[in-house]
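Here is a short round of questions on how the labels for this structure are earned. Each answer sets a value against its cut-off.

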Amino acid sequence: LSFMLAGQFWLQHHVFFHYLAHATRSMALLNLVFLMFVSLLPFSTSLFAAYGTTQVGMTFYFGNQFVLALLLAAQWALASRQGLLRGDVTDPKRRRFAALIVAFPVLFGLLFITSIVRPDFAGLAAFPGIRAILVIRRRVEKRAIADARARESRDE
């Protein structure tokens with residue numbers, strides 16, 4: 001699970017840098033904080049392995065995932081606000097990525113809260129959340145493609 005989540009964050013980070021035209025000092029500092037939390041993944045995973053579905057293991061594990069997702073979304077928001085992103089905002093792949101980068105903090109935030117309230121339930125709650133992210137991502141991309149086709153037909 002940790003390997004898959006770390007891989008997903010790495011892929012999102014990679015795609016984010018694909019859209020980033022250039023970086024600023026604030027982007028670099030935010031990226032360093034993101035990488036600091038990446039370096040905590042083995043520790044949070046070992047806590048999760050040692051304490052399982054107890055509040056300590058789940059809360060620290062999902063808390064770390066939540067902060068990673070939040071920091072990646074913050075980098076996207078900062079780059080977007082500062083005009084550092086390249087490509088067309090109407091591009092279906094970019095819109096799908098933007099939806100994904102917003103959905104991940106929501107998912108891990110809910111899992112973090114669930115791990116505090118009902119740690120025995122938090123692990124199972126991830127599966128419907130992941131399914132919801134996949135559905136949202138697919139719908140956003142379909143809508144973006146439909147919007148692009150509508151623009152093309154108006155232009156003709």
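Q: In which helix does Ser115 lie, and why does Ser115 count as buried or exposed?
A: Ser115 lies in helix α5. Helices (H or I, at least four residues) are DSSP runs, numbered from the N terminus. Buried means under 20% relative accessible area, exposed over 50%, and partly exposed in between, with a 1.4 Å probe and protein chains only. Ser115 has 0% relative accessibility, so Ser115 counts as buried. The model is predicted: local features need pLDDT of at least 70, side-chain atom pairs count only at pLDDT 80 or more, and totals for chains, interfaces and linings use all residues. Residues are numbered from 1 along each chain as its sequence is written, and side-chain values use heavy atoms, with hydrogens and water left out.

Q: What is Ser115 in contact with, leaving aside its neighbours within four places in sequence?
A: Contact means heavy atoms within 4.5 Å. With those neighbours set aside, Ser115 is in contact with Gln55, Met58, Thr59, Phe62 and Ala122.

Q: Why does Asn64 count as buried or exposed?
A: The relative accessibility of Asn64 is 4%, so Asn64 counts as buried. Asn64 lies in helix α4. Not counting residues up to four places away in sequence, Asn64 touches Phe37, Leu40, Leu41 and Ser44.

Q: Why are α5 and α6 called roughly parallel or roughly antiparallel?
A: Axes are lines fitted to C-alpha atoms, for helices over the stretch in contact, and angles run from 0 to 180 degrees between N-to-C directions. Angles under 35 degrees count as roughly parallel, over 145 as roughly antiparallel, 65 to 115 as roughly perpendicular and the rest as oblique. α5 and α6 pack at about 165°, with axes 9 Å apart. The pair is therefore roughly antiparallel. The residues of this contact divide into 20 nonpolar, three polar and seven charged.

Q: What makes a nonpolar core, and which residues touch the most other members of the largest one?
A: A nonpolar core is a set of buried Ala, Val, Leu, Ile, Met, Phe, Trp, Tyr and Cys residues joined through side-chain atoms within 4.5 Å. The largest has 34 residues, and Phe9, Phe16 and Phe108 touch the most other members. α1 (2-19), α2 (25-39), α4 (55-81), α5 (92-117) and α6 (119-155) each supply at least two residues. α4 gives the most, with ten.

Q: How many helices and strands does the protein have?
A: The secondary structure comes to six helices and zero strands. Buried residues make up 38% of the 156 residues.

Methods
Ala, Val, Leu, Ile, Met, Phe, Trp, Tyr, Cys and Pro count as nonpolar, Asp, Glu, Lys and Arg as charged, and the others, Gly among them, as polar.
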